[in-house]
Amino acid sequence: MRNWMKKRGLIPVLAAALLSLAGCVDQSGTAGTGAVAGDADTLRIVATSPATVDIMARLDIDLVGVPNSSLSVIPARYDGATRVGTAMGPDMEIIKTLDPDYVIGPASLQTDLEPKLEAAGLNGIFLNLESVEGLYKGVEQLGELFGRQQEAEAMIDEFSAFYYAYSRENAVKESPTVLVLMGLPGSYVVATGKSYVGSLVRLAGGTNVYEDAETDFITANTEDMQAKDPDIILRAAHAMPEDVVNMFKDEFNTNDIWKHFRAVEDECVYDLPYDEFGMSAKFNYPAALKTLGPMLYGE
């Protein structure tokens with residue numbers, strides 16, 4: 001029986017979401033071609049991940065290079081763009097042949113990609129896409145950089161209107177506590193409040209039991225997780241979603257400690273669909289929040 005459904009204030013939740021637009025993007029330009037900000041129609045730009053491609057498409061910006069992806073759909077407007085490899089491993093040789101003014105990628109891969117761009121003399125922009133708020137901060141900054149302020153402002157206004165209406169739906173309910181697990185075949189980590197899935201839980205009104213951890217993902221032992229006594233356990237996939245679902249099923253069936261979690265006893269364990277709960281924030285977050293609602297509030 002879910003016993004956390006009490007009144008929760010709307011204003012603090014909404015204010016926190018909107019105020020965080022002030023500082024959720026990590027942009028870093030590497031020394032290289034000397035390209036300068038200006039009208040995107042005059043620039044050659046490569047986006048290395050599906051999430052960054054989606055942002056550029058919504059800002060009405062052409063790209064000369066986009067990633068290969070078997071799990072995400074690249075907008076049709078980029079059918080003629082060169083494929084530059086996967087988001088996790090973009091092909092620098094291909095990227096260099098495109099002579100881009102900017103290469104745009106997620107900040108989560110900056111440590112690996114930035115030295116390669118510097119070595120190639122290319123300018124990199126890295127967006128913090130670990131939250132919906134960060135997604136829209138990236139929209140705002142790219143709009144300013146590439147002369148698409150009007151498009152960016154319209155998108156941010158759309159988010160503000162959506163979130164105001166969405167928050168009102170859950171305003172009378174108390175926040176359930178949530179443990180979020182992020183899996184790869186054979187292993188898993190805890191997704192904190194700094195991860196994208198963690199940000200969706202927060203926007204939906206839930207409280208991540210590892211909300212205040214310093215990094216987006218941490219390793220925690222099952223005894224510590226059990227001590228957090230989450231109301232709900234959510235299981236997400238970093239990649240290979242079908243294999244991860246099976247991995248989690250085996251883990252929960254064979255590791256006896258899970259049987260002692262209240263969330264397991266209450267049958268409040270859910271597998272999140274990969275297309276809505278990936279590693280980077282995307283514009284399908286309303287669908288993800290709609291999916292979360294029944295999981296968090298039993299409706």
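This passage looks at helix α11, its packing against helix α7, and a set of paired strands in a predicted model.

Helix α11 takes in residues 285-297, 13 residues in total. Its end C-alpha atoms lie 18 Å apart, and this agrees with the expected span because 1.5 Å a residue also gives 18 Å. Quite a list of its residues is buried: Y285, A288, L289, L292, G293, M295, L296 and Y297. The cover over these buried residues comes from several elements, including the helices α5 (132-145), α6 (149-169) and α7 (196-203), along with β6 (177-184), β10 (232-237) and β11 (269-271). Just after α11 comes G298, with a positive phi near 70 degrees.

Now for the packing with α7. Two packed helices are described by the angle between their axes and the distance between the axes. For α7 and α11, the axes come within 9 Å and cross at roughly 65 degrees, and the crossing is right-handed. On the α7 side, Y196, L200, V201 and L203 make the contact, while α11 brings in Y285, A288, L289, L292 and L296. Sorted by class, that contact holds nine nonpolar residues, with no polar and no charged ones.

One of the elements covering α11, strand β6, has a partner of its own. β6 runs antiparallel to β7 (residues 187-191), and four bridges join the two. Within this pairing, L184 has S187 of β7 as its bridge partner. Two residues sit between the strands of this hairpin, where G186 takes a positive phi near 95 degrees. β7 also pairs with β9 (residues 217-218), again in the antiparallel sense, over two bridges. There, A191 stands opposite F217 of β9.

Terms used: Residues numbered from 1 in each chain as written. Predicted model: local features only at pLDDT ≥ 70, side-chain atom pairs only at ≥ 80, totals over all residues. Heavy atoms only, no water. Expected span 1.5 Å × (residues − 1). Buried < 20%, exposed > 50% of the residue type's maximum accessible area, 1.4 Å probe, protein only. Contact = heavy atoms within 4.5 Å. Pairing = 2+ DSSP bridges. Axes fitted to C-alpha atoms, helices over the stretch in contact; angles between N-to-C directions. Left-handed = near helix turned anticlockwise from the far one by under 90°. Nonpolar A, V, L, I, M, F, W, Y, C, P; charged D, E, K, R; others polar.
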